[in-house]
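User: Please take a close look at one part of this model, and describe it step by step for someone who works at the bench.

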Amino acid sequence: MRNTFINTVSELAAKDSRIVFFTGDLGYSVLEDFAEKYPSRFYNFGVSEQNMVGAAAGMALCGKKVISYSIATFACKRPYEQIRVDVAFQKADVKIVGVGGGYPYGSLGPTHHATEDIAIMRSLPNMVVLCPGDPVEAEIMTKAALAHDGPVYLRLGKGGEETVHKGEPAFSLGKAITLQEGTGTTVISTGGCLAMVAAAVKQIPNARFLSMPCVKPIDKEAILAAAKETKHIIVVEEHQGMGGFGSAVAEVLAPLPTHAPLTQIAVPDRFMDEAGSQEHLRGVAGITVEKIVQSAQRFG
Amino acid sequence: MNEHELKEHIRTVRKHVLKMVYDSGASHVGTSLSCADIMACIYEVAQVNPKDPRNEDRDRVILSKGHGVATWYAVLAERGFFDKKLLDTFYADASPLTGHPDIQAVPGIETTTGSLGHGLPVGLGMALAAQVDKKAYRVFVVLGDGECDEGTIWEAALAARQFKLHNLTVVIDRNDQQGLGKTTDIIDLEPFAAKWKSFGWHVLEVDGHNHDELLVGLKTQGEKPVVMIATTTKGKGVSFMEHDTFWHYHNPDDEEYKKALAELDK
């Protein structure tokens with residue numbers, strides 16, 4: 001996803017001179033090409049995320065489209081107040097881009113896990129939140145982020161994510177992508193766990209399968225349709241259960257007098273205190289194919 | 001403005017500030033009075049046009065110590081950025097004039113501040129945008145000295161030198177007072193000038209109430225970013241408010257308001 005993102009940005013920057021790239025001293029062996037092609041539009045801010053985001057807002061207020069790039073957890077938590085006041089409140093055209101949403105940097109330890117970012121970003125007014133699930137979605141979301149005039153949080157995986165989409169699906173901001181129609185269980189995925197969720201869906205008969213890379217604005221229509229037309233909804237995210245994507249889906253369902261039951265597959269309100277690959281930590285958190293399939297069977 | 005006109009303009013600004021604070025029950029009168037000369041002098045030097053406040057080539061002015069906003073509003077109103085009558089609504093329900101600057105409030109407010117330590121990074125980004133576009137505009141950022149406790153000030157100080165932002169001028173309202181007392185007693189910033197110098201800035205130490213010194217400093221531009229450490233008196237112009245932390249929060253009563261106005265009119 002990371003390479004897809006940077007290649008897409010390079011392409012867009014050729015056509016749009018407003019695009020400027022800031023990094024918080026991350027992107028070794030990934031950003032060099034952009035830096036060489038557009039030296040006057042590439043700035044390394046060193047390890048100073050707060051200053052970087054403030055400056056990104058200042059530059060955006062002068063007519064630029066500024067990307068503020070770091071590891072997901074540093075990109076949006078250290079400079080949270082700059083994102084709130086300088087970017088979101090002022091509707092500055094800044095794209096906060098985080099690599100490593102969830103546990104891609106698993107063994108680096110809990111400081112490098114981004115598992116609360118969706119919650120804090122989606123609670124900000126004016127903020128669009130995009131969490132692509134595979135390289136195809138990464139390209140589409142990068143284009144959507146830069147086409148949008150205003151604040152965006154783009155939560156990427158790291159690299160090596162399996163491609164789930166065959167061809168380019170239709171997408172517009174605020175719309176889900178339907179991967180499979182069905183009337184049994186609806187499985188909705190956001191972010192880098194898409195391939196894992198796709199594997200689970202294969203084992204669930206008559207499942208409806210939605211990918212929702214656009215967490216905010218959320219596709220209420222698709223959720224309400226699933227609540228009406230299918231028996232059970234499962235939402236999957238590599239993120240804390242509280243306040244994240246599953247909560248966003250629950251907020252849509254809550255006002256209904258009756259609706260299909262909702263099962264959240266997410267991190268169960270805990271930090272990881274052990275090393276481990278992304279797959280291992282997903283297992284510890286209970287974000288697994290087995291868990292999704294079992295949940296579907298409960299209401300099957 | 002000539003010297004006399006500038007002096008009278010600043011007297012009017014201070015009177016507006018006093019009235020706005022008195023009418024509204026707002027706090028921060030001391031900090032607003034301390035930066036009145038600085039803000040007024042910046043607008044003497046900055047290339048801005050109240051009739052075309054969003055012109056792409058304008059100089060940018062930021063009050064990063066946002067709690068001094070009454071002064072900013074008064075200076076902008078006196079210079080014709082908006083109707084002076086609006087000053088009467090400061091702090092009131094549904095007024096655009098909030099107790100800290102809001103970019104959407106009135107023309108001339110270049111960025112929202114109020115949480116300390118935000119204005120300099122934003123100003124740095126504006127100065128960098130001028131560089132990218134090869135434009136000549138300058139950026140002026142006013143900081144409080146207490147605000148310099150914030151790490152972002154020093155992050156931005158490092159980056160401004162690195163990116164060679166010769167179009168960036170910082171003025172520090174050095175009144176040696178912050179929330180709970182004297183800056184020197186809380187987090188001592190000294191040797192303050194030496195700190196900025198070691199960060200690669202061109203440092204000027206001026207009297208923050210001396211208009212000649214301020215104007216000369218504000219016109220100074222070289223290869224480095226410029227920082228002016230402007231020594232000021234918190235509560236300047238009202239004897240019983242000067243140097244007193246009480247007036248960071250307190251609001252004048254009828255008697256105090258009359259007395260203060262009389263002093264400003266002297």
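Analyst: What follows takes the sheet of chain B, then the helices on it, the contact with the other chain and the nearby loops.

This is a predicted model, in which local features need pLDDT of at least 70 and side-chain atom pairs count only at pLDDT 80 or more, while totals for chains, interfaces and linings use all residues. Residues are numbered from 1 along each chain as its sequence is written, and chains are lettered from A and ligands numbered from 1 in the order in which they are written.

The sheet of chain B is open and has five strands in the order β1-β2-β3-β7-β6, with parallel pairing. Strands (E, at least two residues) and helices (H or I, at least four) are DSSP runs, numbered from the N terminus; two strands pair if DSSP finds at least two bridges between them. At the edges are β1 (60-63) and β6 (202-207) of chain B, each of which pairs on one side only. On average, neighbouring strands of this sheet are turned by 20° against each other, with direction ignored.

Within the sheet, β3 (168-174) of chain B runs parallel to β7 (226-231) of chain B, and six bridges join the two strands. B:Asp173 stands opposite B:Ala230, a residue of β7(B).

Two helices can be placed on these strands. α5(B) packs on the sheet and touches β1, β2 (139-144) and β3 of chain B. The direction of α5(B) makes about 170° with that of β2(B) (axes are lines fitted to C-alpha atoms, for helices over the stretch in contact, and angles run from 0 to 180 degrees between N-to-C directions). Helix α9 (211-219) of chain B lies across β3, β6 and β7 of chain B and runs at about 165° to β6(B).

α5(B) also takes part in the meeting of the two chains. In total, 18 residues of chain B are in contact with 22 residues of chain A (C-beta atoms, placed from the backbone, within 7 Å). On the side of chain B that touches chain A, the elements giving two or more residues are α5 (119-132) and α6 (151-162) of chain B. Of these, α5(B) gives the most, with nine residues. By class, this side of chain B has 10 nonpolar, seven polar and one charged residues.

The loop between α5 and β2 of chain B holds B:Lys134. B:Lys134 is not a glycine, yet has a positive phi of about 50°. B:Lys134 is exposed, with 7 other C-beta atoms within 10 Å (exposed: 12 or fewer; buried: 20 or more; partly exposed: in between).

Another loop of chain B, between α7 (183-186) and α8 (192-198), contains B:Pro191. The peptide bond that joins B:Glu190 and B:Pro191 is cis, with omega about 0°.

Chain A offers counterparts to both loop features. A cis peptide bond, with omega about 0°, joins A:Lys216 and A:Pro217, and A:Pro217 sits in the loop between β10 (214-216) and α9 (220-229) of chain A. A:Asp269, in the loop between β12 and α11 of chain A, has a positive phi near 50° and is a residue other than glycine. A:Asp269 is exposed, with 8 other C-beta atoms within 10 Å.

Conventions: Nonpolar A, V, L, I, M, F, W, Y, C, P; charged D, E, K, R; others polar.
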